[in-house]
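This briefing introduces a single protein chain to a reader who has not met it before. It begins with a term used for helix packing and then turns to the chain as a whole.

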Amino acid sequence: MNTLVGCAALAAIELDAALAAQTLASRPFVVGVLFGALSGAPQSGALFGASLELLSLADLPVGGRLTWSAPVAAGTAALLAGRGCAISVSLAGGLAAGVCCASLGRQPAEAAVRAGAYARAARSAARRTDQGR
């Protein structure tokens, strides 16, 4: 699998984690097996997916809280394993990518929540002003 295509697919799958339909296609085990099969290392993909699934079971994306991105970690680890990297390097790279993705994605998510709160406050103030006339 081409690296650019893999990154684009991971970005699309990441939307399922908190923003889109939440069909559980973004669970680490599913992503690991899928990317492992596409990159030629299905056993490694299943291993990384299952390991990262166990680490992320209690870490649900509820209320916009996302401490790390397990799907990105599983997909990156499977892609690295498919490229011939050692298991330890693949796992470390996947974990680093998952933590970086969540820390970079946290600021836009928080900004969107604040923007939504500001919009609700503005609508509420407008309604009060209209009722006061």
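Two helices count as roughly parallel when the angle between them is under 35 degrees. The model described here is predicted. Its chain comprises five helices and zero strands, and the packing of helix 2 with helix 4 is set out below.

**Overall make-up**
- Read from the N terminus, the elements of the chain follow the order α-α-α-α-α.
- The chain has 133 residues, of which 30% count as buried.
- About 7800 Å² of the chain is exposed, and carbon and sulfur atoms supply 69% of that area.
- Of the contacts in the chain between residues at least 6 apart in sequence, 60% link residues at least 24 apart.

**Geometry of helix 2 and helix 4**
- Helix 2 spans residues 28–39 and helix 4 spans residues 70–82; their axes lie 8 Å apart, and the helices pack at an angle of about 20°.
- Because this angle of about 20° falls under 35 degrees, helix 2 and helix 4 are roughly parallel to each other.
- The two helices, helix 2 and helix 4, cross in a right-handed sense.

**Residues at the contact**
- Helix 2 contributes Pro28, Val31, Gly32, Phe35, Gly36 and Ser39 to the contact.
- On the side of helix 4, these residues meet Ala70, Pro71, Ala74, Gly75, Ala78, Leu79 and Gly82.
- By type, the residues of the contact between helix 2 and helix 4 comprise eight nonpolar, five polar and no charged.

Notes
Residues are numbered from 1 along each chain as its sequence is written. This is a predicted model: local features need pLDDT of at least 70, side-chain atom pairs count only at pLDDT 80 or more; totals for chains, interfaces and linings use all residues. Side-chain values use heavy atoms; hydrogens and water are left out. Axes are lines fitted to C-alpha atoms, for helices over the stretch in contact, and angles run from 0 to 180 degrees between N-to-C directions. Helices (H or I, at least four residues) and strands (E, at least two) are DSSP runs, numbered from the N terminus. Angles under 35 degrees count as roughly parallel, over 145 as roughly antiparallel, 65 to 115 as roughly perpendicular and the rest as oblique. A crossing is left-handed if the near helix is turned anticlockwise from the far one by less than a right angle, and right-handed if clockwise. Contact means heavy atoms within 4.5 Å. Ala, Val, Leu, Ile, Met, Phe, Trp, Tyr, Cys and Pro count as nonpolar, Asp, Glu, Lys and Arg as charged, and the others, Gly among them, as polar. Buried means under 20% relative accessible area, exposed over 50%, partly exposed in between (1.4 Å probe, protein chains only). Accessible areas come from the Shrake-Rupley method with a 1.4 Å probe; for residues, only the protein chains shown count as cover.
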